[in-house]
Amino acid sequence: MTKDDWKNFFRNKVGKCNVLVIGDIMMDKYYYGDVKKFASDAPVPVAKIIKRKTSLGAAANIANNLATLGCKTSVAGFVGDDHNFETLSTQLYESGIDQDGLIATEWPTTTKVRIMSGHVQMFRMDFEDMTPRTDEQFEALKSFVKRRLNDSLDAIVLADYEKGVCTERFCASVIRAAHNHGVPVIVMPYGQQWIKYAQADYITPNVAKINKILLSPIDTEDDDAAERAGRYIMRKFKVKNVLATRSASGMTLVTEDDAVHLPTSVQEVFDSAGASDTVAAVFAMALAGGLKPVDGAYIANLAAGIVLRKSGTYAITREDMLNALAG
């Protein structure tokens, strides 16, 4: 594609893309401070907080990336009735993300609180409850997905962070329903039980996640090993295609007939937080806009290079992408 083709895509196609993100919803909270002393009452460092930040995390971050790119975006998952949900809901609203698919539960909204000193994470607190959600709550989620599929969706992202949404039964129902409507499913995987993603159109793991399901870990710099790992994933877990993120070594797209290795321009990874979320979002946007998978991988790789230079979670914008493509 030429630069003019890319400009035309972002100006005329992206705004028409309709993407649903289903999965584990989180809030990320950051407290930045100076650590210059230890407490007098315990042998622990003291952080004097000078700045705080809240951002959408996990599936909500993928949705936020899609929204800032200009896509029509919906998000679905489980939340609590608490102050963290109020913050989450406000940020979703400000980003223009449809949140009708958020199902209220009696458990807390999953939230991660990080204490930062400069760019170094000193401590993290997690607020979550891993109690399995009820059949009624899952049925409410499935009903929402069916309604959205009837609204001419262009793509679905299944975002799994092992917080209770992406059970084998639920994933199978989403993938089956999506395929009945001709909608591709892109999976952001987690853990080791990837058979629950069977028949998904694309899976977008990074090398760290890939190595958790391999007997012999691969190196991020080894193209051949990345392709072999991709074909193993396709064969073992019955997934149709693999887009492997390889940090500073770029990406590898493995399909039934081919493998494409895409180098990155990043010389030094500043912060990998959220890069995988951005890859899933940009690749889903590309497929929703009718691009070929290899072109989707190309711009997802560019987007990852931008995010790897940022601190903390960062939602990629249309302007970011146009500037990168122009460069």
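# Charged and Buried Residues: Questions and Answers

Visitor: At what relative accessibility does Glu227 count as partly exposed?
Guide: The model is a predicted one. Buried residues lie under 20% and exposed residues over 50%, with partly exposed in between. Glu227 counts as partly exposed because its relative accessibility is 25%.

Visitor: Which residue forms a salt bridge with Glu227?
Guide: The partner of Glu227 is four residues apart from it in helix H7 (residues 223-237), so about one helical turn separates the two. This partner also counts as partly exposed, at 25% relative accessibility. The closest N and O atoms of the pair are 3.4 Å apart, and the residue is Arg231.

Visitor: Which residues are joined into one network by salt bridges that share partners?
Guide: Side chains of opposite charge can pair when their charged atoms come close. Here, shared partners make a single network of Asp98, Arg148 and Asp151.

Visitor: How many salt bridges does the count come to?
Guide: A pair qualifies when a side-chain nitrogen of Lys or Arg is within 4 Å of a carboxyl oxygen of Asp or Glu. Lys142 and Glu139, with closest N and O atoms 3.6 Å apart, form one such bridge. By this rule the count of salt bridges comes to ten.

Visitor: How many residues separate Arg114 from Asp28 along the chain?
Guide: Arg114 and Asp28 form a salt bridge, with 3.1 Å between the closest N and O atoms. The pair links distant parts of the chain, since Arg114 lies in strand E6 (residues 111-117) and Asp28 in strand E2 (residues 25-38); the separation is 86 residues.

Visitor: Are Arg114 and Asp28 buried or exposed?
Guide: The cut-off for a buried residue is a relative accessible area under 20%. Arg114 has 13% and meets it. Asp28 has 5% and meets it too. Arg114 and Asp28 are therefore buried.

Visitor: Why are Lys142 and Glu139 separated by about one helical turn?
Guide: Lys142 counts as buried at 16% relative accessibility, while Glu139 is partly exposed at 41%. Both belong to helix H4 (residues 135-149), and the separation of about one helical turn follows because they are three residues apart.

Visitor: Which side chain of opposite charge is nearest to Lys29?
Guide: Lys29 is found in strand E2. Its side chain makes a polar contact of 2.7 Å with the side chain of Asn84, and among the residues that Lys29 touches are Lys53, His83 and Arg114. Lys29 is buried yet has no salt bridge; at a distance of 8.4 Å, the nearest side chain of opposite charge is Asp82.

Visitor: Which side chain is joined to that of Lys163 by a polar contact?
Guide: Lys163 is found in the loop between strand E8 (155-159) and helix H5 (168-180), and it counts as buried at 17% relative accessibility. Leaving aside neighbours within four places in sequence, its contacts include Asp24, Met26 and Met130. The polar contact spans 2.7 Å, and the side chain on its other end is that of Glu128.

Visitor: How many of the residues of helix H2 are buried?
Guide: Helix H2 covers residues 59-69 and is mostly covered. Its buried residues include Ala59, Asn61, Ile62, Leu66 and Leu69. The helix is followed by Gly70, whose phi is positive, near 110 degrees. Of the eleven residues of H2, the number buried is ten.

Visitor: What arc do the buried residues of helix H3 cover around the axis?
Guide: Helix H3 (residues 83-94) has twelve residues and reaches 17 Å from its first C-alpha to its last, close to the 16 Å expected. Its buried residues are Asn84, Leu88, Ser89, Gln91 and Leu92. They lie on the same side of H3 because their arc is only 165 degrees.

Visitor: Which exposed residues does the other face of H3 carry?
Guide: The buried residues of H3 are covered by elements that include E2, H2 and E6. The face turned away from this buried side carries the exposed residues His83, Glu86, Tyr93 and Glu94.

Visitor: What distance separates the C-alpha atoms of Met251 and Ala297?
Guide: Met251 is found in strand E12 (residues 251-254) and counts as buried at 1% relative accessibility. Among the residues it touches are Leu243, Val260, Leu262, Ala297 and Ala304. Met251 and Ala297 are 46 residues apart along the chain, and their C-alpha atoms are separated by 7.7 Å.

How values were computed: Residues numbered from 1 in each chain as written. Predicted model: local features only at pLDDT ≥ 70, side-chain atom pairs only at ≥ 80, totals over all residues. Heavy atoms only, no water. Buried < 20%, exposed > 50% of the residue type's maximum accessible area, 1.4 Å probe, protein only. Polar contact = N/O pair within 3.5 Å; in protein donor to acceptor, adjacent residues only side chain to side chain. Contact = heavy atoms within 4.5 Å. Expected span 1.5 Å × (residues − 1). Arc of directions from axis to C-beta. Lys, Arg positive; Asp, Glu negative; His and termini not counted.
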